[in-house]
Amino acid sequence: MKHRDLISALFWMIFGGAFAIGGLMQGLVRQGIPGPGSMPFIVGLITVGLAGILLVQALWTKAGPREKFFPQPESLRKLSLALLGIFAYGLLLKTLGFTLTTFVFLVFVLRFIGYEKWSTVWLFSLGTALLSYLLFTSLQVELPKGFVGI
Amino acid sequence: MEALNHFILSLQIALEPINLFLCFCGCLIGTFVGVLPGLGPAASMSLLLPLTFALNPVQAIILLAGIYYGAMYGGSTTSILVNIPGEAASVVTCLDGYRMAQKGRAGPALGIAAIGSFIAGTFSVIMLMLVAPPVSKFALKFGPPEFVSLSFLGLTLVTYLASGSMIKALLMAAVGLLLGFIGTDIVTGVERFTLGLTVLLDGVGLVPTIMGLFGISEVLINLEQGLRQGEILQQKIEHLLPTRKDLRDSAGAIARGSILGFFLGVIPGGGALLGSFMSYAVEKRISREPHTFGQGNIRGVAGPESANNSGAGGAFVPLLTLGIPCNVIMAILMGGLMIHGVEPGPRLIPDHPQVFFGVVGSMYLGNIMLLIINLPLIGIWVRLLKLRYSLLFPLILFFCLIGAYTNGNTVQDIYVMMVFGIVGYLFKKFGYEPAPLVLALVLGPIMERAFRQSLIISGGSPMIFITRPISAIFVFVALVILLAPLILKLMGRGGRLPLEEEG
């Protein structure tokens, strides 16, 4: 954990520092009252201070055996595909509409991440997409219809 | 007499058909997410939050609260049958619950968990009704400085009770506050830290943040570990009603767990989790046969299960009377109420009595519903446990996607959720707990407004926080908590509660 603590401490230092500087630029005091930058400045400095303590603690800690970041050879591939699926869902939702996007998304994750059989993939995706369409329509939830109109 | 009137009022509200139906839906969904590992109550509640927009505040909180205590109830099932806690507060139930199941006593373990939960849940509702009004009356004396100090104390307690490193928990609280500053400044109307993104003008959305941190990240962690599934005991579940001896053995543990759970639930950071751990520790400590704990002792199930359900009720006290959420779930409820224009705090009971008494009434009835949902329907929940994770995770992802989108009807919220999903995943890898971040994110804007109001009152002097007696007490207690681990370390003693050791 030593290396990870060092990396995260440095990250929080930059993160807190950015807010402190941003706060300073927004103004600490405006017309005699606390300005919009006052709290971000204070909390930004506190973050830098806490990150500093974590950094010192990490430097003093004896380094243990280094853990693998991804526990399995397939981990990175699965994570990337899941994130790609989420990103693509957002990208296609307006164009393809809710039902079709949901169907395509489920086919993608079930087959390429879950390694389900094609028959299960088609059945599960179609069933979920249609059932959710019926559910959200009955609940009058506004969802994008896309070019197909559903 | 006043208490009786309150009781009647609470039942009147809860017995309205729509409220009754929503309470049942909440309990059912709660049990469902409690049973299923991977979709905790926090993610489920934030997921359903947009669906409550069409409801009034009373109906919304009845539904959301039902999910919360339903999940506390349902969490025990997976702990006992699969040795995987459905939610964090059921971790300790695994120790003896699973051992009982291995010895062929899954039925009595599930039965005593349900009975203990019912008794404790009812006890906590009664206590909530008795304790909340006087606390709320007292809190009416609070001004902006007291709220700043109280929020500070609340965040300090949350970080103190976090199970990992306290510095990391404090960092999470600070980062949550910083994220809470993003958006349009409420006093001056100035845009702050939005990076020019319109989605951030109203601040970082609570719903996509929670779904990312708790829903997406959990799926990512499970995916990288290879879609493994817990081994479900293949035995038939019989004798759900515990024997007389079981009941006699468990009575004390249920009573102690109920009382302990409620009072620990009231403490910010405590909630249901702390109560269940402490109850287990107490039962083991006072037992004549401490060596039987971890080997299938029924008191190791009855105590913690009672405590976590009682704690779930206790957690409503600071939220509904002071406006301080003491755990992530309460933060979501707070966010939900605020979306509906109801600000939790000392004015909630006088201004919106129907919200407070509606929740109380629904919790009375909800506890009875949960008993019915959990015991006779145990077969359905067990079957649900057999659902493959490769079929479950696409559903979780899909629910999160829809929840994030319907939150603001914008795809940008999906991207915010995705970013927080990655952040939550990294938090797990780097040993950070996201709970203090979420609490600070909710409290941040309220705290900032009160902080600036305080300084306007004092003419810019920060001494206002220590010259007003109530505020000074809060600041003093917070500082003691912050410095205690350091002092104890210097004295050569550990300064944290042994949450991890017990788990």
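# A tour of chains A and B

Start by selecting B:Val382, which sits in helix α17 of chain B, residues 378-385. Bear in mind as you click around that this is a predicted model. Is B:Val382 buried or exposed? It counts as buried, because 20 C-beta neighbours fall inside 10 Å and 20 is enough for that label. Now add B:Ile481 to the selection and draw a line between the two C-alpha atoms: the residues are 99 apart in sequence and 43 Å apart in space.

**Next stop: a pair from distant parts of the sequence**

Select B:Thr292, in the chain B loop that runs between α11 (271-286) and α12 (299-314). Then pick B:Asp96. These two are 196 residues apart along the chain, yet their C-alpha atoms are separated by 9.0 Å. With 16 other C-beta atoms within 10 Å, B:Thr292 is partly exposed.

**Helix α4 of chain B and its partners**

Show residues 57-82 of chain B, which form helix α4, together with residues 17-35, which form helix α2. Their axes come within 6 Å and cross at roughly 35 degrees. The crossing is right-handed. Colour the contact by residue class and you should find 21 nonpolar and 12 polar residues, with no charged ones.

Keep α4(B) on screen and bring in helix α16, residues 353-374 of chain B. Here the packing angle is about 35 degrees and the axes are 9 Å apart. Once again you are looking at a right-handed crossing, with α4(B) passing α16(B). To see the contact itself, show side chains on α4(B), including B:Ile61, B:Ala65, B:Tyr69 and B:Tyr73, and on α16(B), including B:Val355, B:Val359, B:Met363 and B:Leu370. By class, the residues where α4(B) meets α16(B) are 11 nonpolar and eight polar, and no charged residue takes part.

**On to α9 and α19**

Hide those helices and select residues 206-224 and 412-430 of chain B, which are helices α9 and α19. Their axes are 7 Å apart and the angle between them is about 55 degrees. That angle is why α9(B) and α19(B) are described as oblique to each other. The crossing is right-handed here too, as α9(B) passes α19(B). Among the residues in the contact are B:Met211, B:Leu213, B:Phe214 and B:Ile216 from α9(B), and B:Val416, B:Met417, B:Phe420 and B:Tyr425 from α19(B). Sorted by class, the contact of α9(B) with α19(B) holds 14 nonpolar, five polar and two charged residues.

Just before α9, click on B:Phe193, found in the loop between β2 (191-192) and α9 of chain B. Its phi is near 50 degrees, a positive value in a residue that is not glycine. What makes that worth a click? Most residues other than glycine have a negative phi. B:Phe193 is buried, with 20 other C-beta atoms within 10 Å.

**Where the two chains meet**

Now show both chains. The contact takes 44 residues from chain B and 52 residues from chain A. On the chain B side, α8 (166-181), α9, α18 (389-408), α19 and α20 (435-458) each supply at least two residues. Which of them gives the largest share? It is α8(B), with nine residues. By class, the side of chain B that touches chain A has 30 nonpolar, seven polar and seven charged residues.

**Across to chain A**

Select A:Val109, in helix α4 of chain A, residues 98-112. With 28 C-beta neighbours inside 10 Å, A:Val109 counts as buried. Leaving aside residues up to four places away in sequence, A:Val109 touches A:Ala82, A:Gly85 and A:Gly114 in chain A, plus B:Pro394 and B:Leu397 in chain B. For a long view, pick A:Gly49 as well: it is 60 residues from A:Val109 along the chain, and the C-alpha atoms of the two are separated by 43 Å.

Move along to A:Tyr115, in the loop between α4 and α5 (118-138) of chain A. A:Tyr115 is not a glycine, but its phi is positive, about 55 degrees. With 10 other C-beta atoms within 10 Å, A:Tyr115 is exposed.

**Last stop: chain A as a whole**

Zoom out and colour chain A by domain, with residues 2-60 as domain 1 and 75-138 as domain 2. How far apart are the C-alpha centres of these two domains? They lie 40 Å apart.

Note on methods:
Residues are numbered from 1 along each chain as its sequence is written. Chains are lettered from A and ligands numbered from 1 in the order in which they are written. This is a predicted model: local features need pLDDT of at least 70, side-chain atom pairs count only at pLDDT 80 or more; totals for chains, interfaces and linings use all residues. Domain bounds come from an automatic or database domain assignment. Axes are lines fitted to C-alpha atoms, for helices over the stretch in contact, and angles run from 0 to 180 degrees between N-to-C directions. Helices (H or I, at least four residues) and strands (E, at least two) are DSSP runs, numbered from the N terminus. Angles under 35 degrees count as roughly parallel, over 145 as roughly antiparallel, 65 to 115 as roughly perpendicular and the rest as oblique. A crossing is left-handed if the near helix is turned anticlockwise from the far one by less than a right angle, and right-handed if clockwise. Two residues are in contact if their C-beta atoms, placed from the backbone, lie within 7 Å. Ala, Val, Leu, Ile, Met, Phe, Trp, Tyr, Cys and Pro count as nonpolar, Asp, Glu, Lys and Arg as charged, and the others, Gly among them, as polar. A residue is buried if 20 or more other C-beta atoms lie within 10 Å of its own, exposed if 12 or fewer, and partly exposed in between; C-beta atoms are placed from the backbone.
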